[in-house]
Amino acid sequence: MYGYAGRVLHVDLTSGKTHVEPLNEDYARKYIGGIGLGMRLWLANSKAGVDPFNPENPLILATGPISGTMWPTGGNGHAFVSKSPQSFGVGEAKAHGSFGTELKRAGYDAVILKGKAEKLVYLWIDDDSVQLLDASSLMGKSPGETEDAIKKELGDYYIRVAAIGVAGEKLSRMACIINDKTRAAGRTGLGAVMGSKNLKAIAVRGTCDITVPKLDEFMEYVKEFHERMKGPATQKYRTLGTPENVLVHNSLSCMPTRNYNNSRFEGAEKVSGENLNEKFVAKIIGCSSCAMRCEHMCVVAEGPYKNTMTRMEYETLWALGPYCGVDRLDAITKGMELTNYYGIDAISAGVTIGFAMDCFERGILTPEDLDGIDAKFGNAEAMVQLVEKIGKREGIGDILAEGAKFAAQKIGKGSEKLAATIKGVEITGYDLRCLKTAALGFAVSFRGADHNRHGAYAFDVKGKVNRLVAEKGRGKMVRDMEDTYNLIDSFIICKFSRGTYYKELPDMAKLYTLVTGFDITPEELKRAGERIQNVARLINIREGLGRKDDTLPYKVMHEPIPDEGPSKGAYVSQEELDLLLDDYYEARGWTREGVPTVEKLKELGMDDLIDIVQK
Amino acid sequence: MVKIHERKFISADPDKCVGCQVCEYACSMTKEKAFNPLKSRIRVVRINQLINLSVTCRLCENPPCVVACPRDALTQSEETGLISVDKDKCNGCGWCIEACDYGAIMLHPESKVVYVCDLCKDKGEPQCIKWCPEEALELVTSDVLAQKARITAVKKLFQEAIEETRSKR
């Protein structure tokens, strides 16, 4: 078989037993790989209603068919899938770097982790040899320190490691899994699922060849994409990077500021991508096999946070910056470095700190509650201190480590209305009050608040639709974007490279065929994207989520944008949301309650999953 | 009259190299028809996110690998400086690997004899250079390397001098 390794590794952490089974080819063809394959495998290996922290909740690690090849950005990705401790529905997160490629060379399309080790262990996959090794000396170490320690212990510099930090060990619901020091499978709290299994890290060495059926043709296509990646489609990522969004969003008044109290930030110039690149970016580096390079490595040269070094992207900069009212890039960079150190999702951390600051300003949290931290909006030091507290689960950090939604439940006093989450997952840097296509995309996203499940903000931000209006037709737009994004995350190619697939589906179909040898038409590929959306929806339905959960944060629906400018007065009413949801469900061929119909599942060849909707 | 060094080898510019491993893939694809960094004649080292460099054979004068081989399996071409391995003589003992200061000669995981960069002599040009997206790899002579270093150093000095004059104004 080409493209796929053809093997799935099962690891039972309770008994320490492992076994390998052949990859189900039907799953591979129908769900491609990455999150698609991961979600199908999760369904097949779990029981309905399982608690995310129960040993029986499988944590799935999957590569894609492209992983391990030289395909630019496609060779290097991996995905984690499980039940999220934030949403109690689909949890999935991907990362790039050099970890996925190593796992593929070790000969696995997926690893299914179940059970719970008696004490902290790490998994060592050395091609066919699979062992659980003692990790007690790694307890409390950061993912980066863990990576270095494991490489040293096993005596090979080129071993690749994905690890959790102390936050994952302590089951913080915003814990992530980090590989290659700065690459995070960040969202939906999967680091905590890993921690709940007493699994500190996964170390991999793979020595097998990866080959493709027609090498010359494949290399021709690689060459073409190398050229495309030097062109305008990726220019943003190679130059200013995603922090370019700061000034763009601010000018459109669509950058949530101070926990959604505003939609533009007076300090935007100070935290702009332009300023970041001029004063902080030391080098732009690349993942394995990439021909673009986007990873903006920032270094703080002076001041209290001197010598801080970390990667920086718009979302994380926004969350730790404008969302907390913070206009100091040195502090934001420090905050970011700390999130990597403790192993927490920087978006969730920033949004939760913004929430805490809002509670503080409204008197819901007192200085005593906050361990004496003066958590006013804009206090950069306070932001950094709170990241540290959350990372260690110390003092107020113990509550905030649960994420905004669960922290609000503990704090009470009306703070629930201040928590900007969807399905328990913290929102990202797009003010949904004035981006109504995005608002729909966020509401229906199967992993909770997220821009990366649909990219529907592009229609709004680029002015392709009237972003202030909710109208019929948006459902179809979101649906089509979702299907493409599902494919991107199942092939596991990088979203930053999406613009280089000029013809989108036909280009992707050609790639899939060149790598796997399986013929596939663009139409069949489109259907796979739709199937992946449906399998995700089935997971959420099985786990008790539905239309009621396809909603938006309280402030988005009740507090119109106060700022002067193009978005003033905008918000999303319940009526508008209902209209958008009805339109979307119809476009999907689902019921008004958002449940896939039996006909739809049959049409997609998902007969084996019909019982989920027939109950 | 002295003769200018003509021996060319592959050098990576540390300012440009981003550690993407494309050179490794290009090499193993060219030489082994497979994607596998373990079979690449050029390897990337990432010390931290800011320090990345690809390393391969530097075609040393009086190469230690050749000197070290107890079985005379390694020879250096007088003309090109390329190291060639006599596969029948090599028994994979690893003395050459220990002798090389750059980790540029390695034991092949399958054939169990050592292998080393040959500048893709059958292809006309080294494929890693052709594929490097950053144009970080270059075929250089030691003279060219020295010239480049010299120019960079003088430029830096010159910049500092300018800044100094500015601050004195």
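This is a tour of selections in a predicted model, with what to find at each stop.

**Chain B as a whole**

Start by showing chain B alone. Its secondary structure comes to five helices and eight strands. Followed along the sequence, these elements give the pattern β-α-β-β-α-β-β-α-β-β-α-β-α. The C-alpha trace of chain B spans about 70 × 45 × 30 Å along its principal axes. Of the 169 residues in chain B, 36% count as buried. If you build a contact map of chain B and keep pairs at least 6 apart in sequence, 56% of those contacts join residues at least 24 apart.

**Where chain B meets chain A**

Now bring chain A back and select the residues in contact between the chains. The contact takes 26 residues from chain A and 17 residues from chain B. On the chain B side, helix H1 (residues 22-32) of chain B gives the largest share, three residues. Colour that side by class: eleven residues are nonpolar, five are polar and one is charged.

**Strand S3 of chain A**

Hide chain B and select residues 59-62 of chain A, which form strand S3. Which residues of S3(A) lie on each face? A:Leu59 and A:Leu61 are on one side, A:Ile60 and A:Ala62 are on the other, and all are buried, with both faces of the strand covered. In a regular strand, side chains alternate between the two faces of the sheet.

Next add strand S6 (residues 110-114) of chain A, which runs antiparallel to S3(A) and is joined to it by four bridges. Opposite A:Leu61 in S6(A) stands A:Val111. Then add strand S4 (residues 78-83) of chain A; this strand is also antiparallel to S3(A), with three bridges between them. Here A:Ile60 has A:Val81 of S4(A) as its bridge partner.

**The six-stranded sheet of chain A**

Move on to the open sheet of six strands in chain A, ordered S8-S7-S12-S9-S10-S11, with mixed pairing. Strand S8 (129-134) and strand S11 (183-185) of chain A are at the edges; each has a single partner strand, so one side of each is left without a neighbour in the sheet. On average, neighbouring strands of this sheet are turned by 20 degrees against each other, direction ignored.

Zoom in on strand S7 (residues 121-126) of chain A, which pairs with S8(A) in the antiparallel sense over six bridges. One pair to label is A:Val121 with its bridge partner A:Asp134 in S8(A). Then select helix H4 (residues 143-154) of chain A, which packs on the sheet and touches S7, strand S9 (160-163), strand S10 (177-179) and strand S12 (199-205) of chain A. The direction of H4(A) makes about 140 degrees with that of S9(A).

**The three-stranded sheet of chain A**

Another open sheet in chain A has three strands in the order S13-S14-S15, with antiparallel pairing. Its edge strands are strand S13 (281-285) and strand S15 (309-311) of chain A, each pairing on one side only. From one strand to the next, the twist averages 25 degrees.

S13(A) pairs with strand S14 (residues 295-299) of chain A over four bridges. Label A:Ile285 and its bridge partner in S14(A), A:Glu295. Helix H12 (residues 329-342) of chain A lies across S14 and S15 of chain A, at about 80 degrees to S15(A).

**Helices H13 and H14 of chain A**

Select helix H13 (residues 346-361) and helix H14 (residues 380-392) of chain A, which pack at an angle of about 115 degrees with their axes 10 Å apart. That angle makes H13(A) roughly perpendicular to H14(A). The crossing is right-handed.

Which residues make the contact? H13(A) supplies A:Ala349, A:Thr352, A:Ile353 and A:Ala356, and H14(A) supplies A:Met383, A:Leu386, A:Val387 and A:Ile390. By class, this contact has seven nonpolar residues, one polar and no charged.

**Helix H16 of chain A**

Finish at helix H16 (residues 403-411) of chain A. Is H16(A) largely enclosed or exposed? Seven of its nine residues are buried, so H16(A) is largely enclosed by the rest of the structure. The buried residues are A:Gly403, A:Ala404, A:Lys405, A:Phe406, A:Ala407, A:Ala408 and A:Ile411. To see what they pack against, show H13, helix H15 (396-400), strand S16 (421-422) and strand S17 (425-426) of chain A. Just after H16(A), A:Gly412 takes a positive phi of about 65 degrees.

Technical notes: Residues are numbered from 1 along each chain as its sequence is written. Chains are lettered from A and ligands numbered from 1 in the order in which they are written. Two residues are in contact if their C-beta atoms, placed from the backbone, lie within 7 Å. Helices (H or I, at least four residues) and strands (E, at least two) are DSSP runs, numbered from the N terminus. Ala, Val, Leu, Ile, Met, Phe, Trp, Tyr, Cys and Pro count as nonpolar, Asp, Glu, Lys and Arg as charged, and the others, Gly among them, as polar. A residue is buried if 20 or more other C-beta atoms lie within 10 Å of its own, exposed if 12 or fewer, and partly exposed in between; C-beta atoms are placed from the backbone. Two strands pair if DSSP finds at least two bridges between them. Axes are lines fitted to C-alpha atoms, for helices over the stretch in contact, and angles run from 0 to 180 degrees between N-to-C directions. Angles under 35 degrees count as roughly parallel, over 145 as roughly antiparallel, 65 to 115 as roughly perpendicular and the rest as oblique. A crossing is left-handed if the near helix is turned anticlockwise from the far one by less than a right angle, and right-handed if clockwise.
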